[in-house]
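Got the viewer open and a selection box ready? Here is a walk through the model, one selection at a time.

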Amino acid sequence: MNEQTRNTLGSICEQIQLPQNNIEALELTGDDPVLPSSFKIGVAAQSAIATAAMAANEIWHQRTGKRQKIKCDMGHAAIEFRSERYQRINGKPPPNLWDKIAGTYQTGDGRWVRLHTNFAHHRDGILDLLDCENNRDAVNEALSNWKGQQFEDAIAECGLVATMMRTQEEWNAHPQAKALDKQPLISLERIGDCSSRILTKTDRPLSGIRVLDLTRIIAGPVCGRTLAAHGADVMRLTAPHLPSVPALVTDAGRGKLSAHLDLNTETDTETLRSLIADADIFVQGYRPGRIARYGFSPEDVAAIKPGIIYVTLSAYGHEGPWSVRAGFDSLVQTASGINHAEAEAKGSYEPVALPCQALDHASGYFMAAAAMATLVRQAREGGSWHIRISLARTGRWLQGLGQIENGFDCQDPDQEDLLDLMEASNSGYGQMTAVRHSAQMSDTPCYWERPSMPLGSHAAVWPN
C-alpha cells in the first residue's frame, strides 16, 4: 500500500470517526503519477473512494457483525475521477461539457481569469457585464479593458461566477484560504436530539436507506451515485426550469430515481416535506443560504425528520469572506493557485487545469463517506447531524498532498486503454457504457440497480 495513501486515510477516518484498524485490511494498488499532472491525483482518488468503501463496510459490520475485504486500484480510481468523459450512449461520446466561451482569458494588466458559462444565466450575465457578443474574440477584446482583480470583484458583486488566477503563495495569503485552514476537511456537527436507529441485517450495506439528492453538476451527484452503488434508494430532485449539463446528468444518474419538484410552488414544497419525513440522508448543494429561504435549512429538515443526516456542499466553505459565493471546481482551481502550479510544472505561459475535476469528485466521495460513517454513529448515539464539505477546502487538502516531479511525463490514457474498466447497461437514453466503480467489496459488490434516466422520469414518491 502506498504509505501516503495509508496516512491520508488515517487522517480522514479520524475526522469522520471510522475505525482505523480497517485500513490494514485494504488492498490498495498503484502509484502516482497515473494521470498527467504535478499533483497527486492518484493518491487523492484512491483515498477518497477507499474512504467511502470503508464507511460502507462499517455499516455492513454494524448490520451483520462481519467486515469484508476491499480492493481499490489507484489507476482505476483516477479514471473514475473523470468518468463523465468516458461514457458512451449507443457508442457515441457525450456532448461537449463546456460552453463555447468558457475558459481562460488574459486581462489588460496581464492577469488571467477563468469564466464558467455552462449555465445560460451565468453566460448572459457575464456578456452583459462585458457588453460584448457571445464569441471568444469579443470576450477577449472586452477583457483587455479590465484588470484581473477588478473583474473578479465585479463578477462577485453581480452574483456571477469567474475567478482570477493566483499563485499558491497568493492564495495562502488570501483571507478565504486562511479561513479554510481553520475548517476541517469534513465538518460534522450534531444539530438535534433523536433516539438511535437500529441498522438491521440486509443484503447490501445501504438497503432500506433513503437519500434525497438536491444537487447538480458533479460533486453532489457523485455522492448520490456512490450511495446508490451500495444499495441506497437515492432520489434526485430538480426543477424543470433549472439548467443542467447533459453529460453529467447521464453519468451521475446511474442508480437513482429522478423526479421534478419546483420549490417555488407550495404544492412541491409540501411534497418535499413528505419525502423528508421518510428519508435518512438529505444532500443539497444550493448557493449558500438559498435553500433556507424555502424552509429547508439543516434545522428545518431536522425538525421535519429527527435523526436526519443533512449534507451541505459549498464552493468556498462555511466561514470566511467568500463563504457566500457560488463556484465550480474549475474556478476554485484557478483562484487557489492549482492552475498556476500546473502551468509552472508543465512550463506553460497559460493556466493549466488538472486532468480531471478532482475537487468535485473527491468532495463527492467525502460526502458519501461522511454520510455513511454518520449513519453508523447515529445508530450508536442518536441525534440529527449536519455534514459540511467545500470544493475549496478539498483543494487545500489536495495541495497538502504535495506535488510530483515530472508528473506530466505520464501518458494520458484514451478510451481504448480503458476497456477493461468499463461496463455496459441499458438506460433511459439507450445502451450506456460507463466506468464501473473502482472500489471492490468482497461480499457485497458495488453496482447500480436502477438505470440512468432523464431528469423527471419518476414520480416524487418513495418506492415500497
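**Stop 1: a loop with a cis bond**

Start in the loop between β1 (26-29) and α2 (41-64), where you'll find Pro33. Keep in mind as you go that this is a predicted model. Select Asp32 along with Pro33: the peptide bond joining them is cis, with omega at about 0 degrees. As background, most peptide bonds are trans, and most residues other than glycine have a negative phi.

That second point sets up two more selections. Gln17 is not a glycine, yet its phi is positive, about 60 degrees. Look for Gln17 in the loop between α1 (3-16) and β1. Its relative accessibility is 38%, so Gln17 counts as partly exposed. Then jump to Asn90, another non-glycine with a positive phi, this one of about 50 degrees. Asn90 sits in the loop between β3 (88-89) and β4.

**Stop 2: a three-stranded sheet**

Now show β4, β5 and β6 as cartoon. In what order do the three strands run across the open sheet? The order is β4-β5-β6, and the pairing is antiparallel. β4 (103-106) and β6 (162-164) are the edge strands with a single partner strand each, so one side of each has no neighbour in the sheet. From one strand to the next, the twist averages 25 degrees.

Zoom in on β5 (residues 112-115) and β6, which pair in the antiparallel sense over three bridges. To line up the register, pick Val113 and look opposite: that's Met164 in β6. Next, add helix α6 (residues 148-157), which packs on the sheet and touches β5 and β6. The direction of α6 makes about 155 degrees with that of β6.

**Stop 3: the largest pocket**

Time for a surface view. The largest pocket holds about 810 Å³ of space. Its lining has 35 residues, and the ones closest to the centre are Phe119, Arg216, Gly285, Tyr286 and Arg287. Colour α4 (120-130), α9 (219-229), β9 (233-238) and β12 (309-314) too: these are the elements that give two or more residues to the lining. What is the lining of the largest pocket made of, by class? It divides into 19 nonpolar, 10 polar and six charged residues.

Two residues in the helices you just coloured are good picks here. His122 is in α4. With a relative accessible area of 5%, His122 is buried. Beyond its neighbours within four places in sequence, His122 is in contact with His116, Leu160, Val161, Arg287 and Phe328. Arg287 is one of the residues closest to the centre of the largest pocket.

The other pick is Cys223, in helix α9. Is Cys223 buried or exposed? Its relative accessibility is 0%, so Cys223 counts as buried. Leaving out neighbours within four places in sequence, the contacts of Cys223 are Val283, Gly364, Met367 and Ala368. If you want a distance to draw, the C-alpha atoms of Cys223 and Ala239 are 19 Å apart, with the two residues 16 apart along the chain.

**Stop 4: the second largest pocket**

Swing over to the second largest pocket, with about 430 Å³ of space. It is lined by 22 residues, and Arg85, Leu97, Trp98, Ser330 and Gln357 lie nearest its centre. Keep β4 and β5 on screen from the sheet stop, then add α13 (329-335): each of these supplies at least two lining residues. By class, this lining has 11 nonpolar, six polar and five charged residues.

**Stop 5: two helices with buried residues**

Finish with α14 (residues 338-346). Its buried residues are Ile338, Asn339, His340, Ala341, Glu342 and Ala343. To see what covers them, show β5, α7 (168-172), α13, α15 (358-381) and α16 (391-400), which are included in that cover. Right after α14 comes Gly347, whose phi is positive, near 75 degrees.

Last selection: α16. Nine of its 10 residues are buried, so α16 is largely enclosed by the rest of the structure. Show side chains on the buried set, which includes Arg393, Arg396 and Trp397. Then step just past α16 to Gly402, where phi is again positive, near 90 degrees.

How values were computed:
Residues are numbered from 1 along each chain as its sequence is written. This is a predicted model: local features need pLDDT of at least 70, side-chain atom pairs count only at pLDDT 80 or more; totals for chains, interfaces and linings use all residues. Side-chain values use heavy atoms; hydrogens and water are left out. Two strands pair if DSSP finds at least two bridges between them. Helices (H or I, at least four residues) and strands (E, at least two) are DSSP runs, numbered from the N terminus. Axes are lines fitted to C-alpha atoms, for helices over the stretch in contact, and angles run from 0 to 180 degrees between N-to-C directions. Contact means heavy atoms within 4.5 Å. On a 1 Å grid over the protein atoms alone, a cavity is a set of points where a 1.4 Å probe fits but cannot get out, and a pocket is an open set with protein on both sides within 12 Å along at least five of seven lines; lining residues have an atom within 4 Å of a point. Grid points are joined across faces, edges and corners, and a volume is the space filled by probe spheres set on the points. Ala, Val, Leu, Ile, Met, Phe, Trp, Tyr, Cys and Pro count as nonpolar, Asp, Glu, Lys and Arg as charged, and the others, Gly among them, as polar. Buried means under 20% relative accessible area, exposed over 50%, partly exposed in between (1.4 Å probe, protein chains only).
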